[in-house]
Amino acid sequence: MKYLFILIGIIFSLLLNLMILYPLIVPDPCYYHSHDMNIIMSFFFYAGSASNGHPEPNFVNLIFTIVLGYYIGNWHYKKYSKWYNKIYQ
């Protein structure tokens, strides 16, 4: 049961990152054809020739999102298990 909560937390955080946060952070990807990314943006995104200069999430972004999803899922599991034990035992 614990790993199900963790998996759901990771999937939720990945979907949140790619479908909601990425369009909010990078509303116009073509802006970065003529402008440089700041240090925080370049830490989480890569704008190389493979993506034609458009920022795309890099490996650090993926690892950060997975770790955050792990902690969210684990937190929900602990919260749910306390509630479940209180009611059914």
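**Close-up 1. Ile20 on helix α1 of the predicted model.** Ile20 counts as partly exposed because its relative accessibility is 46%, a value that falls between the 20% below which a residue is called buried and the 50% above which it is called exposed. The residue belongs to helix α1, which runs through residues 2-25. Ile20 is also one of the members of a nonpolar patch on the surface, in which Leu18, Met19 and Leu21 are included as well.

**Close-up 2. The nonpolar surface patch and its member Leu7.** The patch is formed by Leu7, Ile11, Phe12, Leu15, Leu16, Leu18, Met19, Ile20, Leu21, Leu24 and Ile25, which together present about 1100 Å² of accessible area. Leu7, like Ile20 a member of this patch, is located in helix α1, and with a relative accessible area of 48% it is classed as partly exposed. A separation of 23 residues in sequence lies between Leu7 and Cys30, and in space their C-alpha atoms are 34 Å apart.

**Close-up 3. Asn61 in helix α3 and its surroundings.** Asn61 is found in helix α3, a segment that covers residues 59-88, and it counts as buried because its relative accessibility is 4%, where the cut-off for that class is under 20%. A polar atom of the Asn61 side chain lies 3.3 Å from the backbone oxygen of Phe44. When neighbours within four places in sequence are left aside, the residues in contact with Asn61 are Asn17, Phe44 and Phe45, so that Phe44 appears both in this contact list and as the owner of the backbone oxygen in the 3.3 Å pair, the contact cut-off being 4.5 Å between heavy atoms.

**Close-up 4. Tyr71 in helix α3, shown with Ile10.** Tyr71 is likewise placed in helix α3, but whereas Asn61 is buried, Tyr71 counts as exposed, with a relative accessibility of 54%. Although 61 residues separate Tyr71 from Ile10 in sequence, the C-alpha atoms of the two residues are 8.6 Å apart in space.

**Close-up 5. Asn52 in the loop between β1 and β2.** The loop that holds Asn52 joins β1, made of residues 45-46, to β2, made of residues 56-57. Asn52 is not a glycine, and yet its phi is positive, at about 60°. With a relative accessible area of 55%, Asn52 is classed as exposed, because the threshold for that class is over 50%.

Technical notes
Residues are numbered from 1 along each chain as its sequence is written. This is a predicted model: local features need pLDDT of at least 70, side-chain atom pairs count only at pLDDT 80 or more; totals for chains, interfaces and linings use all residues. Side-chain values use heavy atoms; hydrogens and water are left out. Patches are made of residues with over 30% relative accessible area and no salt bridge: like charges are joined within 9 Å, nonpolar side chains (Val, Leu, Ile, Met, Phe, Trp, Tyr) within 5 Å. Accessible areas come from the Shrake-Rupley method with a 1.4 Å probe; for residues, only the protein chains shown count as cover. A salt bridge is a side-chain nitrogen of Lys or Arg within 4 Å of a carboxyl oxygen of Asp or Glu. Helices (H or I, at least four residues) and strands (E, at least two) are DSSP runs, numbered from the N terminus. Buried means under 20% relative accessible area, exposed over 50%, partly exposed in between (1.4 Å probe, protein chains only). A polar contact is a pair of N or O atoms within 3.5 Å; within protein, one must be able to donate a hydrogen and the other to accept it, and residues adjacent in sequence count only if both atoms are side-chain atoms.
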